[in-house]
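Reader: I should like to learn how to read the features of a protein model, one at a time. May we work through an example together?

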Amino acid sequence: MAFIGRTAQLRRLTELLARATSAADARPGAAVLIRGRRRVGKSRLVEEFVAGAGVPSVYFTASGRPPREELRLFAAEVAASDLPGAEVFDGVELASWDAALRLLASVLPDSGSVVVVDELPYLTASDPGFEGTLQKMFDRELSRRRVLLIGIGSDLAMMEALNSYGRPFHQRATEMVVPPLSPAEVGAMLSLASAEAFDAFLVTGGLPLICAEWPPGLDRTGYLAGALAEPTSALLVSAERALAAEFPVEAQARTVLSAVGRGERTFSNIGRAAGDLQQASLNRSLRLLAEKRMISVDQPLSTKASPKDKRYRVSDPYLRFWLAFLGPGMPEIERGRGDRVHRRIEAGWAAWRGRAIEPVLRESVLRLPLAELLAAADVGAVGGYWTRTNDPEVDLVFADREPVARVVHAVGAIKWREKAPFDARDLSQLVRHRAQVPGASDETPLVVVSRAGCAVENVIAVEPAALLAAWE
């Protein structure tokens, strides 16, 4: 598969290695912690970097096995590497990570090298002392070598914690986030027009493995017809593998995630859809899902606090699509009836997309030059506003901060219909709802985000091409 994008990340890794290999001080060694959700291409990024770095390296991937077995695998990986003196690891029995890292430091060349530990959270989970050992050996040994130490992990919360205040490795590493491909990158990779690029982003979530299976120029319907006929396609298996890794024993959390993925947004509705869970159990599951960045928790944005009106959604567009359509249809797909699942997707696509696209478009709008668009320099948040009864429900609120704003700069609507533009009826509803948003007034500007254009005046209209360009 061709390697796509990641120019900024490759450049940053190259800079860190150059600094480590050329620094004149006594501690030239550097460390970087790379995080990003599963199957987003973190390992592939680092493999590409290592391949072009031109220095000796070792790439070890932890597997979640007991510490003694991990040490054996680590020794075998170093022994097979091109590090000078790596043969000292051949057949060695390592008693601890302290001994392993000390021996590793002894074979690192003065000219520069790269050491990669993939799936780092597995080591911290299986060995409570690993973080302290890593800190000690980095300070005493690795930082004195011309080496770039790269740690990679998909457990976002744990990877963030590794470098946080109070933890042993605090302030010793640069942090790097590898995001999914953006809607603009997806559109460029698949040769799709602006609106269709957003559709493809909702289906793939910007995951490179899935995008690589999508023939350039093919529309969403054509791609799904082919992918659903192949039970081992990346579109079908990526979510299941990610969920199995995230929730090996947390069956209840996965049940709650499935309820959110089917479209339930409120605490009480999620609890009922998940089997009438007790409040304490539901709170625990939702907290775990939020910590793992599997779900996002949204609050109404206005000048009035509304903490009781939280709504929950699946953070990853691809996982949201999979939970809504593909996961429930896997039995049919596996017996060769993906066509039935495809028909259900087409029947429910417009309604599902209408809600799923909202957070993507809010982030897109926030990337626009809002100071020029709204003549307001301090737009720091774009959200939505709703009440418990959903009257009103406003798609866009532009404010100085969130979740409780000091100033509401504009309100707006998202109309992502295939052919019908934003019209006078839509405008009438938006004007009525604007009056119900705390902090807004009759003079508050109106913003319209429409897939098919805008047929009214006196609003700020934003169309797909501008939204996609905002990601470039």
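Reader: Let us begin with the backbone. Where does A375 lie?

Author: This is a predicted model. A375 lies in the loop between α18 (370-374) and β8. Its phi is near 55°, a positive value in a residue other than glycine.

Reader: Is A375 buried or exposed?

Author: The test is the relative accessible area: over 50% counts as exposed. A375 has 71% and is therefore exposed. S191 can be read in the same manner. Phi of S191 is also near 55°, again positive in a residue other than glycine. S191 is placed in the loop between α8 (183-190) and α9 (194-204), and with a relative accessible area of 52% it is exposed.

Reader: Which residues are joined by a cis peptide bond, and what is omega?

Author: D391 and P392 are joined by one, with omega about 10°. P392 belongs to the loop between β8 and β9. A cis peptide bond also joins E402 and P403, where omega is about 0°; P403 sits in the loop between β9 and β10.

Reader: Let us turn to helices. How does one read the two sides of a helix?

Author: An α-helix has 3.6 residues a turn, so residues three or four places apart point the same way. Helix α1 (residues 7-22) is a suitable case: it has 16 residues and reaches 22 Å from its first C-alpha to its last, close to the 22 Å expected at 1.5 Å a residue.

Reader: Which residues of α1 are buried?

Author: They are Q9, L13, L16, L17 and A20. These residues cover an arc of only 95° around the axis, which puts them on the same side of α1. On the other side, T7 and S22 are exposed.

Reader: What do the buried residues of α1 pack against?

Author: They pack against β1 (30-35), α2 (42-53), β3 (113-118), β4 (147-153) and β5 (174-177). Considered as a whole, α1 lies across β1, β3, β4 and β5, and runs at about 160° to β5.

Reader: What is the order of the strands in the open sheet with parallel pairing?

Author: To read a sheet, one follows the strands from one edge to the other. Here the order is β2-β3-β4-β1-β5, an open sheet of five strands. β2 (57-61) and β5 stand at the edges; each has a single partner strand, so one side of each is left without a neighbour in the sheet. Neighbouring strands are turned by 15° against each other on average, direction ignored.

Reader: How many bridges join β3 to β4?

Author: Five bridges join these strands, which run parallel. Within the pair, S113 stands opposite V147 in β4.

Reader: Which strands form the open sheet with mixed pairing?

Author: This sheet has five strands in the order β8-β9-β10-β11-β12. Its edges are β8 (381-386) and β12 (460-462), each with a single partner strand, so one side of each lacks a neighbour in the sheet. The twist averages 30° from one strand to the next. Strand β11 (residues 446-450) is joined to β12 by three bridges, and the two run parallel; V447 stands opposite I460 in β12. Helix α19 (residues 424-434) packs on the sheet, touching β9 (393-399), β10 (408-415) and β11, and its direction makes about 135° with that of β11.

Reader: Is A410 buried or exposed?

Author: The cut-off for buried is under 20% relative accessible area. A410, found in strand β10, has 0% and therefore counts as buried. Beyond its neighbours within four places in sequence, A410 is in contact with residues including L374, L396, F398 and V447.

Reader: Where is E358 found?

Author: E358 is found in helix α17 (residues 338-366). With a relative accessible area of 14%, E358 is buried. Leaving aside neighbours within four places in sequence, its contacts are D395 and I414.

Reader: Finally, which residues touch the most other members of the largest nonpolar core?

Author: Of its 98 residues, I150, L257, L326 and F398 do so. Apart from this core lies another, of 35 residues, among them A86, A100, V115 and A173. Not counting residues up to four places away in sequence, I150 touches L13, V32, I34, V46, F49, V114, V115, V116 and V117.

Conventions
Residues numbered from 1 in each chain as written. Predicted model: local features only at pLDDT ≥ 70, side-chain atom pairs only at ≥ 80, totals over all residues. Heavy atoms only, no water. Core = buried A, V, L, I, M, F, W, Y, C linked by side-chain atoms within 4.5 Å. Buried < 20%, exposed > 50% of the residue type's maximum accessible area, 1.4 Å probe, protein only. Contact = heavy atoms within 4.5 Å. Helix = DSSP H or I, 4+ residues; strand = E, 2+ residues; numbered from the N terminus. Pairing = 2+ DSSP bridges. Axes fitted to C-alpha atoms, helices over the stretch in contact; angles between N-to-C directions. Expected span 1.5 Å × (residues − 1). Arc of directions from axis to C-beta.
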